[in-house]
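Hi,

Here is the structure I promised to pass on to you. Have a look at it first, and then read on for what turned up in it.

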Amino acid sequence: MIEFLNTVGEQFLRNSLLELTAVVFAIIYLVLAVRENIFCWFAAGISTLIFLFIFWDVKLYMESGLQVYYFVMAVFGWYQWRLASDGSTSLQISMWSMRQHLIALALIALLTLLSGYLLNSGTDAQLPYLDSFTTWTSVVTTYMVARKVLENWIYWLVIDSISIYLYIDRELYFTAMLFAVYIVIIFFGWFSWSKKYQPNMKAVYSRH
């Protein structure tokens with residue numbers, strides 16, 4: 001425990017301000033996403049640019065590259081979530097079919113094995129397969145958020161649980177704590193979006 005606290009203290013003095021800034025904006029992003037607030041994508045853009053540098057510095061190359069994708073998706077998400085002319089959100093919460101989930105999971109598995117092998121054999125990347133898995137799953141799940149697919153919260157629960165181990169291994173303790181907070185917020189996100197999804201379905205059925 002003493003060694004752990006000393007390590008955390010050393011990291012705090014070394015790069016805490018940068019990492020904590022990224023963490024704060026990441027939490028703001030998720031809280032606003034739960035509320036379907038379009039400004040979540042601004043917070044996401046700031047957070048991802050900072051994490052891009054942090055992950056590259058600790059040799060998590062897939063996670064670093066993922067931040068570039070996150071930034072692009074922040075722009076895409078903003079476009080998808082724009083307000084309709086009547087003031088309501090132009091994109092409603094939906095669910096994927098089992099076929100869509102199976103395709104997504106098969107694609108994630110294939111890309112994880114491929115990039116994990118390439119990183120393991122050709123670079124000094126740390127935990128290449130775990131790094132690859134969380135990266136490719138995050139790619140799919142971020143797209144789900146941008147399209148307001150309800151099950152994104154389940155995917156994030158798996159990703160964030162594994163990511164905590166990944167970041168502790170790389171001594172990114174503040175980022176690990178961020179993902180622990182994420183796990184709590186995920187449950188609020190799931191229940192909030194679920195409640196909003198049910199009225200949407202009733203409205204669809206009433207038109208038929």
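Tyr129 is a good place to start: this residue is found in helix H5, which covers residues 128-146. Tyr129 counts as partly exposed, because its relative accessibility is 36%, a value that falls between the 20% limit for buried and the 50% limit for exposed. Together with Leu113, Leu114, Tyr117 and Leu118, Tyr129 makes a nonpolar surface patch of about 540 Å². Helix H4 (residues 98-122) supplies the largest share of that patch, with four residues.

Before going further, please keep in mind that this is a predicted model.

Now for the overall picture. The protein has seven helices and zero strands, so if you read the elements from the N terminus on, you get α-α-α-α-α-α-α. There are 208 residues in the protein, and 45% of them count as buried. Among contacts with a separation of 6 or more, 72% are between residues 24 or more positions apart. The protein exposes about 11300 Å², and carbon and sulfur atoms supply 71% of that area.

Next, the charged residues. By the rule used here, the count comes to two salt bridges. In one of them, Lys148 pairs with Glu36, and the closest N and O atoms are 2.8 Å apart. This pair links distant parts of the chain: Lys148 is in the loop between H5 and helix H6 (152-169), Glu36 is in the loop between helix H1 (2-34) and H2, and 112 residues separate them. Both Lys148 and Glu36 are buried.

Glu36 also forms a salt bridge with Lys196, where the closest N and O atoms are 3.1 Å apart. Here too the pair links distant parts of the chain, with Glu36 in the loop between H1 and H2 and Lys196 in helix H7, 160 residues apart. Are the two partners buried or partly exposed? Glu36 counts as buried because its relative accessibility is 16%, while Lys196, with a relative accessible area of 32%, is partly exposed. Since they share partners, the salt bridges join Glu36, Lys148 and Lys196 into one network.

Lys148 has another contact to look at: its charged end sits over the ring of Trp81, 4.6 Å from the ring centre. Trp81 in turn belongs to a cluster linked by ring pairs, together with Tyr29, Trp41, Trp153 and Trp193.

That brings me to the aromatic residues. The structure holds 13 aromatic pairs. One of them is Phe39 with Phe42: the ring centres are 5.7 Å apart and the planes are at 25 degrees, so the pair is stacked. Phe39 is partly exposed, with a relative accessible area of 49%, and Phe42 is partly exposed as well, at 48%. Phe42 also forms an aromatic pair with Trp78, and this one is edge-to-face, with 5.1 Å from centre to centre and 65 degrees between the planes. Phe42 lies in helix H2 (residues 40-57) and Trp78 in helix H3 (residues 61-80), so the pair ties together parts that are 36 residues apart in sequence. Trp78 counts as partly exposed, with 34% relative accessibility.

Last, a residue to find in helix H7 (residues 173-206): Ile186. Ile186 counts as buried because its relative accessibility is 4%. Which residues does Ile186 touch, not counting residues up to four places away in sequence? They are Trp153, Trp156, Leu157 and Asp160. For Trp156, the C-alpha to C-alpha distance to Ile186 is 7.4 Å, although the two are 30 residues apart in sequence. Trp153, another of the residues that Ile186 touches, is also part of the ring cluster with Trp81.

If you want a short route through the model, try this one:

- Glu36, which bridges to Lys148 and to Lys196.
- Trp81, with the charged end of Lys148 over its ring.
- Phe42, which stacks with Phe39 and meets Trp78 edge-to-face.
- Tyr129, one of the residues in the nonpolar patch.

Happy browsing, and best wishes!

Technical notes: Residues numbered from 1 in each chain as written. Predicted model: local features only at pLDDT ≥ 70, side-chain atom pairs only at ≥ 80, totals over all residues. Heavy atoms only, no water. Helix = DSSP H or I, 4+ residues; strand = E, 2+ residues; numbered from the N terminus. Buried < 20%, exposed > 50% of the residue type's maximum accessible area, 1.4 Å probe, protein only. Contact = heavy atoms within 4.5 Å. Areas by Shrake-Rupley, 256 points an atom, 1.4 Å probe, with all protein chains shown as cover. Patch = residues over 30% accessible without salt bridge, like charges linked within 9 Å, V, L, I, M, F, W, Y side chains within 5 Å. Salt bridge = Lys/Arg side-chain N within 4 Å of Asp/Glu carboxyl O. Phe/Tyr/Trp six-rings, centres within 6.5 Å; stacked < 30°, edge-to-face > 60°. Lys NZ or Arg CZ within 6 Å of the ring centre and 35° of its normal.
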